Amino acid sequence: MTVRELKIKTNVVKRIAKEGVAYEKEAEAQQKRIDKLIADNADEADVRKQKEVLDETLMMIPDVKKRLAAAIKDLQDKEDPQYAGTVELEEAQKVLAEFDNSQ
C-alpha cells in the first residue's frame, strides 16, 4: 500500500464519521420540528410527512455505522510499519485512536 492510499483511507473514515454526526443532528432537528407541528396543531398530513422524513433519516444511521465500522477496519488493515514517522501514518493512528476511545 502507498502513502496516498493510507491518506485516502484515513479521509474516508473522517468523512463517514462526519456523515454520521450530520444524520444524528438531522434526526434531532426533525424530531423537534415534528414536536412543534404537533404542539401547533398542524395538519395531520404535514405531521405524517415529517415523520416519514424522520424515519428515512433514522434508517440511514445504522447504514452509516456499518460503513464506518468497515472503513475503520479497512484503515486498521492498511496500517504499515514501513510508513513509521510519516504524517499520514500519524494521522491514521490519531483517527483510529479517536474511534477506539469513543466506542
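Me: Buried means under 20% relative accessible area, exposed means over 50%, and partly exposed lies in between (1.4 Å probe, protein chains only). By that rule, what makes R67 count as partly exposed?

Reply: R67 has 29% relative accessibility. That value is between 20% and 50%, so partly exposed is the right term. This is a predicted model, where local features need pLDDT of at least 70, side-chain atom pairs count only at pLDDT 80 or more, and totals for chains, interfaces and linings use all residues. Residues are numbered from 1 along each chain as its sequence is written, and side-chain values use heavy atoms, with hydrogens and water left out.

Me: How do you know that the side chains of D63 and R67 meet in a salt bridge?

Reply: A salt bridge needs a side-chain nitrogen of Lys or Arg within 4 Å of a carboxyl oxygen of Asp or Glu. For D63 and R67, the N to O distance is 3.2 Å. That is within 4 Å, so the pair passes. Both residues lie in helix 2, four residues apart, or about one turn of the helix. D63 is partly exposed too, at 28%. Salt bridges that share partners join R15, E19, D63 and R67 into one network.

Me: How many salt bridges does the rule give?

Reply: The count is nine. One of them joins D40 and K36, at 2.9 Å from N to O. K36 has a relative accessible area of 53%, which is over 50%, so K36 is called exposed.

Me: Where do K9 and D74 lie?

Reply: The side chains of K9 and D74 meet in a salt bridge of 2.8 Å, N to O. K9 is in helix 1 and D74 is in helix 2, 65 residues apart, so the pair links distant parts of the chain. Here a helix is a DSSP run (H or I, at least four residues), numbered from the N terminus. K9 is partly exposed at 26%. D74 is partly exposed at 25%.

Me: Why is helix 1 called roughly antiparallel to helix 2?

Reply: Two packed helices are described by the angle between their axes and the distance between the axes. Helix 1 (residues 3–39) and helix 2 (residues 44–78) pack at about 160°, with axes 8 Å apart. That makes the pair roughly antiparallel, because the term covers angles over 145 degrees. Axes are lines fitted to C-alpha atoms over the stretch in contact, and angles run from 0 to 180 degrees between N-to-C directions. Helix 1 passes helix 2 in a left-handed crossing (the near helix is turned anticlockwise from the far one by less than a right angle).

Me: Which kinds of residue make the contact of helix 1 with helix 2?

Reply: The contact divides into 21 nonpolar, six polar and eleven charged residues. Ala, Val, Leu, Ile, Met, Phe, Trp, Tyr, Cys and Pro count as nonpolar; Asp, Glu, Lys and Arg as charged; the others, Gly among them, as polar.

Me: Which residues are buried in each helix?

Reply: In helix 1, the buried residues include L6, V13, I16 and Q30. In helix 2, V47, L54, I61 and L75 are among them.

Me: How do you know that the span of helix 1 agrees with the expected span?

Reply: The expected span is 1.5 Å times one less than the number of residues. Helix 1 has 37 residues, so 54 Å is expected, and its end C-alpha atoms are 54 Å apart. Helix 2 has 35 residues and should span 51 Å; its end C-alpha atoms are 51 Å apart, which agrees.

Me: What makes the phi of N41 worth a look?

Reply: Most residues other than glycine have a negative phi. The phi of N41 is near 55°, a positive value, and N41 is not glycine. N41 lies in the loop between helix 1 and helix 2. At 69% relative accessibility, N41 counts as exposed.

Me: Why is K66 called exposed?

Reply: K66 is in helix 2. Its relative accessibility is 60%, and the term starts over 50%, so K66 is exposed. The C-alpha atoms of K66 and I16 are separated by 10.0 Å, though their positions lie 50 residues apart along the chain count.

Definitions and conventions
Helices (H or I, at least four residues) and strands (E, at least two) are DSSP runs, numbered from the N terminus. Angles under 35 degrees count as roughly parallel, over 145 as roughly antiparallel, 65 to 115 as roughly perpendicular and the rest as oblique.
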